[in-house]
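Work through the exercises below with the model open. Each task is followed by a stepwise solution.

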Amino acid sequence: MGYVFDPPKQASVALAGSDKRFPVRRIFCVGRNYADHVREMGNDPKSEPPIFFTKPADAVVDSGAAIAYPQNTSNFHHEVELVVALGKGGKDIAEKDAMACVWGYAVGVDLTRRDRQAEAKQGGQPWDVAKAFDSSAPCGALTQMNAPPASARIRLSVNDAVKQDANISEMIWTVPEIIAALSKSWELKAGDLIFTGTPSGVSALKAGDAVVAEIEGLEALRFTIAR
Ligand code: MN
């Protein structure tokens, strides 16, 4: 048996302090997980359960990349997020068992075509065009650890100007709650990444911008938008 053409390369992310790489199976994302960002987008933080959407595994991009300004948008936004990497999974995972599934953490940015997202929301349409495009998931090197610090500053700057500055303790849905909730709809597996939502301060990127995304205790993620 052979393939009719060479299969695509396995998507993967870097590890902090190792030449090995973490193979990526699927990318899940949480919408509306910091109260101040929910308010800045015009919604009530307490009124709704978590929103999930996905990106293709090959949307990941390593730190240090120059990312092309995407086609089909003129309002291209950054969203800095804590990324959870799973070393095992399951279905209907109980919250008390969820942390045993975690392999490690990284800093990620959920790149978003905000104009296309606004149209999708207005029209009741799916978010794929807004969220699941090529190179839409830059992800820093993963650090193997059971839990991130309960309180860690999460920040993003563009050309040295701070745009997002919050604390992961402000997340509405905690990591075990997110894993438990996702596993009610999907069988999670080793290699899954979860982007856990962004705090307020999202803004538009343009060609030539230099982005630095940081969470205390993790390796920083840096990328530029190619001219
Ligand atoms: Mn997001």
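A residue counts as buried when its relative accessible area is under 20%. The model is a predicted one.

**Exercise 1. Is strand β8 enclosed or open to the surroundings, and which way do its side chains point?**

Step 1. Locate β8 at residues 80-86.

Step 2. Sort its side chains by direction. Val-80, Leu-82, Val-84 and Leu-86 point one way. Glu-81, Val-83 and Ala-85 point the other way. In a regular strand, side chains alternate between the two faces of the sheet.

Step 3. Apply the cut-off. Seven of the seven residues are buried, so β8 is largely enclosed by the rest of the structure.

**Exercise 2. Find which strands pair with β8, and in what sense.**

Step 1. Take β9, residues 102-109. Seven bridges join β8 to β9, and the two run antiparallel. For a check on the register, Val-80 stands opposite Val-109 in β9.

Step 2. Take β15, residues 193-195. Three bridges link β8 and β15, again in the antiparallel sense. Here Ala-85 stands opposite Leu-193.

**Exercise 3. Lay out the open sheet of five strands and name its edges.**

Step 1. Write the order: β6-β17-β16-β13-β14, with mixed pairing.

Step 2. Pick the strands that pair on one side only. These edge strands are β6 (66-68) and β14 (161-167).

Step 3. Add the twist. Neighbouring strands of this sheet are turned by 20° against each other on average, direction ignored.

Step 4. Inspect the β14 edge. β13 (residues 153-158) pairs with β14 in the antiparallel sense over six bridges. Ile-154 has Ala-166 in β14 as its bridge partner.

Key. Residues numbered from 1 in each chain as written. Predicted model: local features only at pLDDT ≥ 70, side-chain atom pairs only at ≥ 80, totals over all residues. Heavy atoms only, no water. Pairing = 2+ DSSP bridges. Helix = DSSP H or I, 4+ residues; strand = E, 2+ residues; numbered from the N terminus. Axes fitted to C-alpha atoms, helices over the stretch in contact; angles between N-to-C directions. Buried < 20%, exposed > 50% of the residue type's maximum accessible area, 1.4 Å probe, protein only.
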